[in-house]
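These exercises go through one protein model step by step. Try each task on the structure before reading its solution.

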Amino acid sequence: MANNTETKVEETKVSFPKPTLHDFDVIDSPLITEKSMALMQQQNKVTVKVAASANKIEIKNAFEHIFQVKVVDIKIANQIEKKTSRGGRYKGTISGFKKAIVTIAEGSAVDLFKE
């Protein structure tokens with residue numbers, strides 16, 4: 001008989017605190033585009049709109065608390081406001097916002113389309 005000296009690695013379940021009202025104020029809504037969906041499927045990245053005053057630490061904590069997943073990296077970008085016109089007569093603007101591209105740990109997933 002052969003000796004079974006394999007080491008068993010036990011996965012520890014990471015528990016996150018319950019989300020607070022501040023967490024829901026930091027993360028506004030998911031940003032659904034073709035590019036963001038491709039990032040989600042291929043590279044395990046989720047794109048969300050965030051509060052203009054939020055920093056990376058607040059976004060990471062809020063995302064972990066709300067979605068109960070481990071965050072690996074965060075990239076932040078400010079989407080600038082754009083001027084627009086309809087038919088040359090009606091002028092307006094498309095409002096700007098701050099977005100965060102959140103990289104989730106391998107093996108985790110976020111379901112943005114829950115009912």
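**Exercise 1. Find the strand order of the open sheet and its edges.**

Solution. The model is a predicted one.

Step 1. Four strands make up an open sheet, and their order is β1-β2-β6-β3 with antiparallel pairing.

Step 2. β1 and β3 each have a single partner strand, so they stand at the edges and one side of each lacks a neighbour in the sheet.

Step 3. On average, neighbouring strands of this sheet are turned by 35 degrees against each other, direction ignored.

Step 4. One helix, α3, packs on the sheet and touches β1, β2, β3 and β6. The direction of α3 makes about 120 degrees with that of β3.

**Exercise 2. Place this sheet in the whole chain by listing the elements of the protein from the N terminus on.**

Solution.

Step 1. Count the elements: the protein has three helices and six strands.

Step 2. Read them from the N terminus on, which gives α-β-α-β-α-β-β-β-β.

Step 3. Look at the contacts in the protein with a separation of 6 or more: 61% of them are between residues 24 or more positions apart.

Step 4. Turn to the surface. The protein has 115 residues, of which 26% count as buried. The exposed area is about 9200 Å², and carbon and sulfur atoms supply 50% of it.

**Exercise 3. Identify the bridge partners of Ser 29 and Pro 30 in β2.**

Solution.

Step 1. Strand β1 covers residues 27–30 and pairs with β2 in the antiparallel sense, over three bridges.

Step 2. Ser 29 has Lys 49 of β2 as its bridge partner.

Step 3. For Pro 30, the bridge partner in β2 is Val 48.

Step 4. Follow Val 48 to β6, where its bridge partner is Ala 100. β2 and β6 (residues 97–104) run antiparallel and are joined by six bridges.

Step 5. A general point helps in reading such pairs: strands of a sheet pair through backbone hydrogen bonds, either parallel or antiparallel.

**Exercise 4. Which residues of α2 are buried, and which exposed residues lie on the face turned away from them?**

Solution.

Step 1. Ser 36, Leu 39 and Met 40 are the buried residues of α2. They cover an arc of only 100 degrees around the axis, and therefore lie on the same side of α2.

Step 2. The face turned away from this buried side carries the exposed residues Glu 34, Lys 35, Gln 41 and Gln 42.

Step 3. The cover over the buried residues of α2 includes β2.

Step 4. At the end of the helix, α2 is followed by Asn 44, which has a positive phi near 60 degrees.

**Exercise 5. Describe the setting of Asn 44, a residue that has a positive phi although it is not a glycine.**

Solution.

Step 1. Start from the usual case: most residues other than glycine have a negative phi. The phi of Asn 44 is positive, at about 60 degrees.

Step 2. Asn 44 is found in the loop between α2 (34–43) and β2 (45–50).

Step 3. The relative accessible area of Asn 44 is 18%. Buried means under 20%, so Asn 44 is buried.

Step 4. Beyond residues up to four places away in sequence, Asn 44 touches Leu 39, Val 102, Thr 103, Ile 104, Ala 105, Glu 106, Gly 107 and Ser 108.

Step 5. The side chain of Asn 44 reaches the backbone oxygen of Ala 105 at 3.1 Å.

**Exercise 6. Is Gln 68 buried or partly exposed? Describe its surroundings as well.**

Solution.

Step 1. Gln 68 lies in the loop between α3 (56–67) and β3 (71–79). Its phi is positive, near 55 degrees, and the residue is not a glycine.

Step 2. The relative accessibility of Gln 68 is 41%, so this residue counts as partly exposed.

Step 3. Leaving aside neighbours within four places in sequence, Gln 68 is in contact with Phe 16, Pro 17 and Phe 63.

Step 4. A polar atom of the Gln 68 side chain lies 2.7 Å from the backbone oxygen of His 65.

Step 5. Ala 109 is 41 residues from Gln 68 along the chain, and their C-alpha atoms are separated by 9.7 Å.

Conventions
Residues numbered from 1 in each chain as written. Predicted model: local features only at pLDDT ≥ 70, side-chain atom pairs only at ≥ 80, totals over all residues. Heavy atoms only, no water. Helix = DSSP H or I, 4+ residues; strand = E, 2+ residues; numbered from the N terminus. Buried < 20%, exposed > 50% of the residue type's maximum accessible area, 1.4 Å probe, protein only. Contact = heavy atoms within 4.5 Å. Areas by Shrake-Rupley, 256 points an atom, 1.4 Å probe, with all protein chains shown as cover. Polar contact = N/O pair within 3.5 Å; in protein donor to acceptor, adjacent residues only side chain to side chain. Pairing = 2+ DSSP bridges. Arc of directions from axis to C-beta. Axes fitted to C-alpha atoms, helices over the stretch in contact; angles between N-to-C directions.
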